[in-house]
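User: Could you take me through one small part of this model up close, in plain talk? After that, tell me how the rest of the chain frames it.

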Amino acid sequence: TATSTSPSSGPSAAAPTAPAPAPTGTTPPPPAPAPLVIQSITASAWVSNSSPNSRANEIVYASVKANYGRPVTNAQVQATVQFKSGAQTYSLTHQGNGQYAISFKLNDKFISGFKVNANVVAHYEAFVATAYTSFTPN
């Protein structure tokens with residue numbers, strides 16, 4: 001006797017179902033904000049005392065911010081202090097929140113009554129910002 005076989009159809013496959021609707025009154029969360037990209041930096045500078053005694057300590061401060069206003073915490077910041085007989089360059093130390101500072105003692109190079117200019121330069125990645133401040137020892 002001959003037997004024949006035919007493919008088994010097996011259990012029938014169920015039709016796909018649509019996803020359940022979102023509960024009424026809820027909205028999906030907003031998309032995550034795009035990361036802020038630094039496109040430029042700005043710097044400002046000031047001193048602790050605009051007319052210090054001739055042998056006092058002076059502090060030059062700088063603030064470095066990104067184009068969108070947030071502090072830049074890992075910039076390289078230097079101040080070149082120009083006195084009557086020359087100049088001295090100092091590296092400022094980060095104090096937190098984008099603030100940098102260097103303290104130094106005035107010596108015989110700082111002449112009473114002679115204006116001392118401090119030119120501050122901040123570098124961050126490919127960006128550079130400058131700021132200026134001054135003091136006059138008395």
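Analyst: **A loop meeting a hairpin**

Leaving out residues up to four places away in sequence, T73 touches H94, G98 and Y100, where touching, or contact, means heavy atoms within 4.5 Å. Before going on, some ground rules: this is a predicted model, with local features needing pLDDT of at least 70 and side-chain atom pairs counting only at pLDDT 80 or more, while totals for chains, interfaces and linings use all residues. Numbering starts from 1 along each chain as its sequence is written, and side-chain values use heavy atoms, with hydrogens and water left out.

T73 itself sits in the loop between β2 and β3 (76-83). Strands here are DSSP E runs of at least two residues and helices are H or I runs of at least four, numbered from the N terminus. T73 counts as partly exposed because its relative accessible area is 44%; the scale is buried under 20%, exposed over 50% and partly exposed in between, using a 1.4 Å probe and protein chains only. The C-alpha atoms of T73 and G98 are 4.7 Å apart, though 25 residues separate the two along the chain.

Now for the hairpin on the other side. Strand β5 (residues 93-96) runs antiparallel to strand β6 (residues 99-105), with three bridges joining them; DSSP has to find at least two bridges for a pair to count. H94 has Y100 in β6 as its bridge partner, and both of these are on the contact list of T73. Two residues lie between the strands of this hairpin. One residue to look at there is N97, in the loop between β5 and β6: its phi is positive, about 55°, although N97 is not a glycine. N97 counts as exposed because its relative accessibility is 59%.

There's another residue of this kind further along. E125 also isn't a glycine, yet has a positive phi of about 50°, and its place is in the loop between β7 (116-124) and β8 (127-135). E125 is exposed, with a relative accessible area of 65%.

Step into β8 and you find T133, which is buried because its relative accessible area is 14%. Not counting residues up to four places away in sequence, T133 touches A45, W46, V47, V60, V116, N117 and A118.

V47 turns up again on the contact list of E58, a residue of strand β2 (residues 57-66). What does buried E58 have in place of a salt bridge? Its side chain makes a 2.5 Å polar contact with the side chain of S48 and reaches the backbone nitrogen of N49 at 3.1 Å. A polar contact is a pair of N or O atoms within 3.5 Å; within protein, one must be able to donate a hydrogen and the other to accept it, and residues adjacent in sequence count only if both atoms are side-chain atoms. The nearest side chain of opposite charge, K105, is 12 Å away; a salt bridge needs a Lys or Arg side-chain nitrogen within 4 Å of a carboxyl oxygen of Asp or Glu.

Zooming out, the protein has eight strands and zero helices. Of its 138 residues, 27% count as buried. Among contacts with a separation of 6 or more, 61% join residues 24 or more positions apart, and the T73–G98 pair, at 25 residues apart, has that kind of spacing.

Definitions and conventions: Lys and Arg count as positive and Asp and Glu as negative; His and the chain ends are not counted.
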